[in-house]
Structure formats: structure tokens, C-alpha cells
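The exercises below ask for a reading of the fold, the burial pattern and the ligand shell. Each task is followed by a solution in steps.

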Amino acid sequence: SLPVIYLITPTHARLEQKAELTRLSHTLLHVPNIHWIIIEDSSEKTALVQNFLNRTNLSFTHLYVPTPPEYKMSQEDPNWLKPRGVLQRNAGLDWLRNNTSPSHAGVVYFADDDNTYSLKIFEEMRYTKKVSVWPVGLVGYLRYERPIVNNGKVTAWYTYWKPNRPFAMDMAGFAINLKLVHKYPEAKFSNAVQRGFQESTMLTKMQLTLDDLEPKANMCTEVLVWHTRTEKSRTKNEEKMVKLYGTGSDPNIEV
Ligand code: UDP
Ligand code: MN
């Protein structure tokens, strides 16, 4: 049977959350043998996410862990200032270590809730031996970033920012065989690592080198995942509604 794709998705409460989760879940409904591990950045499971998941037909695991306040992004922070989703991804990895067997065929992918995924990327990653890699569109202030492949091997990185990082790619640009997650129980992300080094730190802890990387998506020439970011919605007319018409939107209507 097909190896299982384990998707690790950190998610946090904001106006756009349900819209993002709806879009992602509808993509995943088209993917066979997938298990969605969704980890809320919160100190408890929220009703919104709980109800949302209960209504999907996906195979899922619902976890939560809050980001410590000193690392938590505020609304005003530029998005690059603080790491995002770190403890949540680690909770997903630990769940896999405790709930799957090392002999079980699986692949692990870190799928943020706001990216855009072609169905093709899931089939590209499914038979990953160690680590598969591919381009990511709309990231790093470039049209795409990608591994540079020579004679079937990754030799360098096409990226503007710090191309000398050991693995200079976005979280959306690789997937790992489940066996490695079991083999390296200490491999995890950290809020303390230098900005932009989460991916490199994790893969280095798994004793990987460029030679281990399996270039997918037609030798890394096709963009099958996009680092899209959703414009922040503003609701400045809500209070004006109250002032002008005496009533605002119904808080019982979930958005
Ligand atoms: N995220 C989170 N807590 C936060 C901010 C983000 O769990 O305080 C999640 C978010 O839902 C997403 C992932 O972490 O799945 C990456 O965050 P974001 O998309 O904002 O990062 P960027 O696209 O800017 O790298
Ligand atoms: Mn994002």
C-alpha cells in the first residue's frame, strides 16, 4: 500500500484562520493516504479548530502547544522578526515518534496553513528515501527559490538570502522519511536558532548532507508549492456599524 504522508501544520488564531484551514483541507481531501497533524499555537484546543476538524472527512490528529510569550509575534511585528510554529512542529514530530512505528512506511512534510499546494507535490514526496527537495514559489523576494541540481545531485541553492546555509530552503521545500524522525529523536526545531536556520538545523541534526537529497519536481525545475501569504483583513467598519446603525456583526456567526 502507499506510504502515508504525515502533514505537520502549525496554526494560530486570527481572522483568516478558518478560511486558510478550509482551503488547505479541501486540497488534502484529494490526496490519498494522508494524515493531517494540526497543532494549534494556543494553551488549549479552540472550539473553532475542534469543530472544523470534526466536520472534515480527513484523517487527523489535533494537538496544541502555546508559543512562549517572549517568542510570540505581536500584530505589529514584521513577519521575519520571530520564529513561527516552532514548538508546534516539534509537537507534531513527538506525536509521530510516540504513535507510529519506525518500520512503517511514511513521509513527513511541514505544511504551513497559508501556503498553496499542487496535488502533484504530494505524489512527488511520497516515496522519499531520506529527504526529497523541490522549488518553492513566491518566497525570499524572488519568483522562486530552488535547489540547484547538477547531474542529478543537489550542489547548491538558488536563493538571495544566505545561500551558504547548509540547507538554504524554505520549510515547504522538503519532506523527510519517517524513519529519520525515529532515528534522530533529538532532531527538533528551536526558538533559539539564528533566523533562517530552522531548516538547516533540523536537517543537520539528522546527519544529512547535500548528497542525501533527492531532487523532485523534474530535477527541481517545476514549482508545485507556493509560499503565498494572505493579506491581513481589516474590520475597521465594525465599530462604525455600531455607531451608525446601533448594531455590529453577530458574534455567534463564526468567520
Ligand atoms: N504560526 C503559529 N503561531 C504564530 C504565527 C504563525 O503557529 O504566532 C503558524 C502559521 O499558522 C503557519 C506557520 O506557523 O502555519 C508559519 O507562519 P506564517 O505563515 O505566518 O510564516 P511566514 O509565511 O511568514 O513564514
Ligand atoms: Mn506563511
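**Exercise 1. State which residues of helix α3 are buried, what covers them, and how the helix span compares with expectation.**

Step 1. In α3, the buried residues are V86, L87, Q88, R89, N90, A91, G92, L93 and L96. Buried means that 20 or more other C-beta atoms lie within 10 Å of the residue's own; with 12 or fewer a residue is exposed, in between it is partly exposed, and C-beta atoms are placed from the backbone.

The model is predicted: local features need pLDDT of at least 70, side-chain atom pairs count only at pLDDT 80 or more, and totals for chains, interfaces and linings use all residues. Residues are numbered from 1 along each chain as its sequence is written, while chains are lettered from A and ligands numbered from 1 in the order in which they are written.

Step 2. The cover over the buried residues of α3 includes β1, β2 (34-40), β3 (59-64), β4 (106-110) and α5 (178-183). Contact here means C-beta atoms, placed from the backbone, within 7 Å. Helices (H or I, at least four residues) and strands (E, at least two) are DSSP runs, numbered from the N terminus.

Step 3. Helix α3 covers residues 86-99, which is 14 residues. From first to last C-alpha it reaches 20 Å, close to the 20 Å expected at 1.5 Å a residue. The expected span is 1.5 Å times one less than the number of residues.

**Exercise 2. Place strand β1 among its neighbours.**

Step 1. Burial first: 7 of the 8 residues of β1 are buried, so β1 is largely enclosed by the rest of the structure.

Step 2. On one pairing, β1 runs parallel to β2 over 7 bridges, and P10 has I39 of β2 as its bridge partner. Two strands pair if DSSP finds at least two bridges between them.

Step 3. β1 also pairs with β4 in the parallel sense, over 5 bridges. Here I8 stands opposite F110, and Y6 is the bridge partner of V108.

Step 4. The connection from β1 to β2 involves helix α1 (residues 17-28), and together they make a right-handed β-α-β unit. Right-handed means that, with the strands pointing away from the viewer, the path from the first strand over the helix to the second runs clockwise.

**Exercise 3. Follow the pairing from β4 to β10 and β6.**

Step 1. In β4, 5 of the 5 residues are buried, so the strand is largely enclosed by the rest of the structure. G106, V108 and F110 point one way, V107 and Y109 the other way.

Step 2. β4 is joined to β10 by 3 bridges, and the two run antiparallel. V107 is matched with N177, and Y109 with A175.

Step 3. β10 pairs in the antiparallel sense with strand β6 (residues 131-133) as well, over 3 bridges. In that pairing, V133 has F174 as its bridge partner.

**Exercise 4. Describe the shell of ligand 1.**

Step 1. Ligand 1 is surrounded by 16 residues, the closest being H12, D41, R84, G85 and D112. A residue is near a molecule or strand if its C-beta atom, placed from the backbone, lies within 6 Å of it.

Step 2. Strand β1 (residues 4-11) supplies the largest share of this shell, 3 residues.

Step 3. By class, the shell holds 2 nonpolar, 7 polar and 7 charged residues. Ala, Val, Leu, Ile, Met, Phe, Trp, Tyr, Cys and Pro count as nonpolar, Asp, Glu, Lys and Arg as charged, and the others, Gly among them, as polar.

**Exercise 5. Classify R165, Q75 and N57 by exposure, then examine helix α8.**

Step 1. R165 lies in the loop between β9 (153-158) and β10 (174-177). It counts as partly exposed because it has 17 C-beta neighbours inside 10 Å. Leaving aside residues up to four places away in sequence, R165 touches G196, F197 and S200. The C-alpha atoms of R165 and S200 are 6.8 Å apart, with their positions 35 residues apart along the chain.

Step 2. Q75 sits in the loop between β3 and α3. With 6 C-beta neighbours inside 10 Å, Q75 is therefore exposed.

Step 3. N57 belongs to the loop between α2 (47-55) and β3. N57 is exposed because 8 other C-beta atoms lie within 10 Å.

Step 4. Helix α8 (residues 237-245) is hardly covered, with 0 buried residues among its 9. Just after α8, G246 takes a positive phi of about 80°.

Technical notes
Two residues are in contact if their C-beta atoms, placed from the backbone, lie within 7 Å.
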